[in-house]
Amino acid sequence: MAHFTKATSVKDWLNQRLAIDKVEKVMASEYWIPKNINFLWAMGMVLVVTFVLLLVSGIFLLMYYVPTVDEAFYSVNYTIMREVDFGWLWRHIHGVAASVVFLVIYIHMFTGIYYGSYKKGREMIWISGMLLFVTFSAEAFSGYMLPWGQMSYWAGMVITNLFAGGSLHADGLVEWIRGDYVPAQAFLGRFFMLHVLLLPLAIVGLIGLHFAALRIPHVNNQDGEEIDFDAESKKYLDGDKAGSKVIRFANDFMSKDIMVVGIFLIFFFYLVFWNYSFALDPVNFDPADGLKTPAHIYPEWYFLWSYEILRPFNIDLGLILFGFAQVIFVFLPFLDRSPNTCPANRRGTMFKVWFWLMLSNMIILTAMGKLPPEGVFSTIGLVAAIVFVVQWLALPFITSREKKV
Ligand code: HEM
């Protein structure tokens, strides 16, 4: 048993039992952050704040939501939106946050790709990040089922149908997932459980893993400089704060994070109060009806790029390419063969073109995914889907030819 002495203060009492001083050092005052990073490095903290907003608003919604096919629609659209004081506010916060979180995730991902923050010891940060992306996607999809409107029902139908594997016709698997022949009570019940319990738990665990993965390699910086964190932190602690290349996370860097989070929240609450409709699909204000298929079924904007990779091809090839698009980003640290960890614009023409083409092509795929697959739009969608796949296949070749900068 460890040796305990009479505590001199509450902090000392806690310190003897929980070593809170050590925890505070490791996570805050001696967690070193490079000085040369810009506002894009605050996106991680913006994501943490948005996740908390989702959790808190979700808890309030859960007090009145009823997960049955007869009552779900009315508990959301009548009880929460009209009867409960400020129920509309919690719903707007939840809906807007669910959409905006993906915008921030994409910015955070593309920042990582641009600066090469997935390389040389940072692979686990990237992999845990991609696991977060996949889990967030499942969380968003399961949440979309809960209001039990027309889009909930039909998007649920279309997405679960994908598990039949095209001409494999694994219909038994689809029924097993649904718990019925069509989306019904068993389906709603299990997606409710996933949305409010299992997936949020997984997300909390994965955020823990993501942070743990950051601790040893530390965050990258905007110049791609390889910083000796031990030497630079020693310099800082010895008093040469100006000469050191690093600062403390708390309170120094955190104050910068808080400023970016503040600006984000102004934008966020502007959307919540004045421009929330983009986050609530009008078709979903009709109750689910298994006998009336909507004219055009499409997912939320953040899934459109991968949906557009599925759509232009026959079902089997479409499914293979859709699966490819879902997992390929995870392998980025291993497909990028270049020795350089620096901004894409300094990595030679080939990767520079690759990066900007990938970003613009995904925006094109997103736009085409929203439009009906007709005429010129379907041709553009087809070309963009092919470009996406070819770019990934070409990545190891173009990066292995890259010279050290
Ligand atoms: C959605 C939940 C997520 C949260 C809460 C989160 C949080 C954070 C935080 C706080 C940081 C450190 C500060 C910063 O660079 O912003 C960070 C870094 C990082 N994250 Fe995430 N992240 C999430 C998702 C993702 C995703 C989807 C990816 C992409 C695969 C990703 C990849 C990275 C990378 C590569 C870094 C290191 C950046 C660097 O070294 O410069 N994260 N994340």
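**Figure 1. His169, an exposed loop residue.** With 10 C-beta neighbours inside 10 Å, His169 counts as exposed. The cut-off for that class is 12 or fewer. The model shown here and in the other views is predicted. His169 sits in the loop that joins H7 to helix H8 (171-178). Its phi is near 50 degrees, a positive value in a residue other than glycine.

**Figure 2. His218, between H9 and H10.** The view shows the loop between H9 and helix H10 (229-237), where His218 lies. His218 also has a positive phi, near 65 degrees, and is a residue other than glycine. His218 is partly exposed, because 18 other C-beta atoms lie within 10 Å.

**Figure 3. The shell around the ligand.** The ligand has 27 residues around it. Gly44, Gly112, Ser117, Gly129 and Asn220 come nearest. Four elements give two or more residues to this shell: helix H3 (43-62), helix H5 (87-115), helix H6 (123-145) and helix H9 (185-215). H6 gives the most, with seven residues. By class, the shell holds 19 nonpolar residues, seven polar residues and one charged residue.

**Figure 4. Helix H6 and its buried residues.** H6 has 23 residues, so at 1.5 Å a residue it should span 33 Å. Its end C-alpha atoms are 34 Å apart, which agrees. Buried residues of H6 include Ile125, Trp126, Ser128, Gly129, Met130 and Leu132. Further along the helix, Phe136, Glu139, Ala140, Gly143, Tyr144 and Met145 are buried too. The packing partners of these buried residues are H5, helix H7 (150-161), H9 and helix H14 (332-335). Gly129 of H6 is buried, and Gly129 is also among the residues that come nearest to the ligand.

**Figure 5. Helix H5 and the glycine after it.** The 29 residues of H5 should span 42 Å at 1.5 Å a residue. The end C-alpha atoms of H5 are 42 Å apart, so the expected and modelled spans agree. Just after H5 comes Gly116, with a positive phi of about 70 degrees. H5 is one of the elements that give two or more residues to the shell around the ligand.

**Figure 6. Where domain 1 meets domain 2.** The chain is divided into domain 1 (31-297) and domain 2 (304-405). Their centres, taken over C-alpha atoms, are separated by 22 Å. In the contact zone, 20 residues of domain 1 are in contact with 16 residues of domain 2. On the domain 1 side, H5 and H6 are the elements that give two or more residues. That side of domain 1 has nine nonpolar, eight polar and three charged residues.

**Figure 7. Glu308, a buried residue of H12.** Glu308 lies in helix H12 (residues 304-310). Glu308 is buried because 30 other C-beta atoms lie within 10 Å. The cut-off for a buried residue is 20 or more. Leaving aside residues up to four places away in sequence, Glu308 touches Leu365, Met368, Gly369, Gly381, Ala384 and Ala385. Ile364 is 56 residues from Glu308 in sequence, and their C-alpha atoms are 9.6 Å apart.

**Figure 8. Leu40, ahead of H3.** Leu40 is found in the loop between strand E1 (32-34) and H3. Leu40 counts as partly exposed, because it has 16 C-beta neighbours inside 10 Å. Val174 is 134 residues from Leu40 along the chain, and 41 Å separate their C-alpha atoms.

**Figure 9. A cis peptide bond at Asn251.** The bond from Ala250 to Asn251 is cis, with omega near 0 degrees. Asn251 is placed in helix H11 (residues 249-274).

**Figure 10. Segments annotated in UniProt.** An unreviewed UniProt entry places "domain: Cytochrome b/b6 N-terminal region profile" at residues 10-223. Over residues 10-223 the chain is 72% helix and 1% strand. The end C-alpha atoms of that stretch are 44 Å apart. UniProt places "domain: Cytochrome b/b6 C-terminal region profile" (unreviewed entry) at residues 239-405. There the chain is 59% helix and 2% strand, with end C-alpha atoms 33 Å apart. The UniProt ranges listed for "transmembrane region" (unreviewed entry) include 191-214 and 313-332. Residues 191-214 are 100% helix, and their end C-alpha atoms are 32 Å apart. Residues 313-332 are 70% helix and 0% strand, with end C-alpha atoms 25 Å apart.

Technical notes
Residues numbered from 1 in each chain as written. Predicted model: local features only at pLDDT ≥ 70, side-chain atom pairs only at ≥ 80, totals over all residues. Near = placed C-beta within 6 Å. Nonpolar A, V, L, I, M, F, W, Y, C, P; charged D, E, K, R; others polar. Expected span 1.5 Å × (residues − 1). Contact = placed C-beta atoms within 7 Å. UniProt positions renumbered as here; feature names shortened; annotations may be inferred. Domains from an automatic or database assignment.
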